Each structure stands twice: as structure tokens, then as C-alpha cells.
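Reader: I would like a close look at a single part of this structure, the surroundings of the ligand, and then a word on what lies elsewhere in the chain. Could you take me through it step by step?

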Amino acid sequence: MERREIAQLVRTHMERRLEPEGKKEYIVAANWKMNMSAKEIKAFLKEICDTDVPEYLHIIIFPPFPYLPYAQEMLRYEAVAYGAQDVAEQDKGAYTGEISAAMLADCGCSYTLAGHSERRAYYGETSDVVARKASKALEYEIVPVICIGETLEERRSGAYKEVLKGQIEEAAKVCKERLAQCIIAYEPVWAIGTGVIPTIKEIGETHRYIHDVLASECNNAGGRFQILYGGSVNESNVKEIASVPFVDGFLAGGASLKAESFKNIIKRLSLDGCL
Ligand code: PEP
């Protein structure tokens with residue numbers, strides 16, 4: 001299946017939200033960051049191809065740039081999508097080290113991350129830059145997964161809602177009505193790689209809040225937004241988080257680095273069906 005068709009499939013599925021038999025649809029995404037070798041990635045991709053994935057789960061792999069051709073080759077006939085961890089905000093030209101949306105499209109990417117908190121923190125990416133990156137991806141029919149999230153101080157001080165709203169508003173300014181076509185990954189910075197996660201109540205409240213901000217930015221145009229949770233997701237906590245309203249899937253970092261733990265996440269979401 002072509003990558004674009006998969007993106008469309010995911011969107012159609014997510015819009016339906018509930019399967020006739022009552023199964024909720026989820027995206028399960030793996031952010032490999034700057035990890036793994038060619039050999040490890042090929043082995044992982046092979047394992048994923050051999051894994052039974054129910055129709056209501058949509059897997060997206062985000063390998064490092066140089067390994068995208070492996071995904072392109074090995075996932076060609078698989079219902080597993082893949083994407084890049086970042087994209088340039090410019091079209092082309094003298095931007096040494098950058099990778100354009102057109103190049104990602106050439107590599108068959110259906111998705112790209114934009115504004116992961118590590119990009120924001122280590123490379124100074126502002127919400128405006130992130131929005132431009134997301135918008136550029138959309139121009140090339142690549143679905144951006146815009147990462148948003150607050151720091152621990154912002155959570156503790158209660159400023160987190162304003163922070164999240166600001167991040168979404170910046171995206172809306174540039175993406176305009178196409179914001180509804182983006183996936184949002186809510187990743188509290190303090191939960192990334194720490195083993196600490198917000199309470200289920202906090203996740204529920206925050207996802208509902210993000211949903212409401214998106215709805216208002218999109219003039220309550222109806223339809224569904226896709227909001228993923230990310231931050232120390234693993235096989236032990238994924239099922240409970242999946243039961244939270246407005247959680248449409250997961251972006252996993254550490255737990256996605258080993259095929260076994262990633263497959264266990266898939267298994268946990270497959271067992272007994274989901275909500
Ligand atoms: C991430 O960095 O996107 C992430 C969710 O990492 P981890 O699962 O390791 O917290």
C-alpha cells in the first residue's frame with residue numbers, strides 16, 4: 001500500500017472513531033530519536049512486519065533520517081506507516097544539514113514529527129518555527145505530528161494550560177484550517193524519559209483541554225482531532241491511559257527502542273480489545 005493511502009486510511013479510521021463492535025482506534029508511534037544502527041533497524045522492521053496488528057491499531061515508525069530508505073523498502077507492502085523526526089521549514093536551498101518535506105515525500109514518508117520537546121529545548125525551535133515546519137509538511141501531503149507539552153515548573157505553577165494553548169495557537173496561525181489535519185502529541189516534558197507520568201486524571205483533563213482548544217481554533221468545524229499521549233509510555237501503563245477519553249494513541253520513545261517492548265505495547269492494546 002502506498003504511504004499516502006495509509007495516511008488517508010488512518011484519517012478515515014480515526015474519524016470513524018468507533019468501530020461497529022465498539023473498538024476505539026489508536027495510533028501507536030515509535031520515536032527512535034538518534035538511536036540504533038542499520039542492522040538493528042532492519043531487524044526491528046522485520047519483526048514489526050511479522051507482528052499481528054489488529055485493524056484498529058495504526059503503527060507509525062519514526063527512524064533517524066538515514067534509515068528512512070529501509071522503512072521505504074521493507075514496509076512497502078505493509079500496513080505500517082513511517083515518517084521523519086523533523087522537517088525543514090524551507091522548501092530547498094542553502095540550508096546545510098536540513099531535510100526538506102519534498103525529500104521526505106521522496107522517501108515515502110506519510111508523517112513527520114514537528115516540535116519535539118528535544119528540538120525545542122536543544123535547538124531553540126519556537127512554536128512559530130514548529131508551525132512553519134508543520135505547514136510545510138502539509139504542503140507535501142505529509143501529516144505532521146506536532147508535539148506540545150509543558151515543563152514541570154509550568155505544570156506546578158498551573159501555567160501549563162496557557163503554555164499548551166499558546167503552542168496550539170501558534171500552530172493555528174500558520175496552519176490555519178489545516179490544523180485539523182495535524183496530529184497533536186501531548187508530551188509533558190517532565191514525563192519524557194523519566195518514568196514519571198501524569199495521573200490518569202491529569203491526562204484526561206489535559207487531553208480534553210487540548211481538544212477544546214483545537215475545536216475553538218478550528219471554529220468548532222466538527223470532526224475529530226487526533227491527540228496522542230507521549231511520555232514514559234510502556235506496556236504496564238498503556239492500557240490504562242488508552243481508556244482515557246480524547247487519548248487517540250501514543251508516541252513512545254524509550255519503550256519503542258526494543259522490538260519486544262514495542263510489541264508488548266501493541267499486545268496490551270490488542271488484548272481484550274480496547275474501549
Ligand atoms: C518521546 O521522547 O517522544 C518520548 C515519549 O520518550 P519516552 O517514551 O522515552 O518518555
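Author: What follows begins with the ligand and then turns to the nonpolar cores and one helix residue. The model is a predicted one, and the description should be read with that in mind. Around the ligand there are 15 residues, of which Lys33, His116, Gly193, Ser232 and Gly254 come nearest. By class, this shell is made up of eight polar, four nonpolar and three charged residues.

Polar atoms of the protein meet oxygen atoms of the ligand at several places. In the side chain of Glu187, an N or O atom is 2.8 Å from a ligand oxygen, while a polar backbone atom of Gly193 is 2.7 Å from an oxygen atom of the ligand. Gly254 also takes part through its backbone, where an N or O atom lies 2.8 Å from a ligand oxygen. The ligand taken alone exposes 290 Å², and the protein buries 96% of that.

Turning to the nonpolar side, the largest core holds 68 residues, and the members that touch the most others are Ile61, Leu179, Ile210, Tyr229, Phe250 and Phe262. Leaving aside residues up to four places away in sequence, Ile61 touches Ala30, Trp32, Leu45, Val80, Ala81, Tyr82, Gly83 and Phe262. Another core, of 14 residues, lies apart from the largest one and includes Ile27, Tyr111, Val143 and Ile183.

Finally, Glu260 belongs to helix H11, which spans residues 259-270. Glu260 counts as exposed because its relative accessible area is 60%, above the cut-off of over 50%. Although Glu260 and Glu47 are 213 residues apart along the chain, their C-alpha atoms are separated by 9.0 Å.

Methods. Residues are numbered from 1 along each chain as its sequence is written. This is a predicted model: local features need pLDDT of at least 70, side-chain atom pairs count only at pLDDT 80 or more; totals for chains, interfaces and linings use all residues. Side-chain values use heavy atoms; hydrogens and water are left out. A residue is near a molecule or strand if one of its heavy atoms lies within 4 Å of it. A polar contact is a pair of N or O atoms within 3.5 Å; within protein, one must be able to donate a hydrogen and the other to accept it, and residues adjacent in sequence count only if both atoms are side-chain atoms. Accessible areas come from the Shrake-Rupley method with a 1.4 Å probe; for residues, only the protein chains shown count as cover. Ala, Val, Leu, Ile, Met, Phe, Trp, Tyr, Cys and Pro count as nonpolar, Asp, Glu, Lys and Arg as charged, and the others, Gly among them, as polar. Helices (H or I, at least four residues) and strands (E, at least two) are DSSP runs, numbered from the N terminus. Buried means under 20% relative accessible area, exposed over 50%, partly exposed in between (1.4 Å probe, protein chains only). A nonpolar core is a set of buried Ala, Val, Leu, Ile, Met, Phe, Trp, Tyr and Cys residues joined through side-chain atoms within 4.5 Å. Contact means heavy atoms within 4.5 Å.
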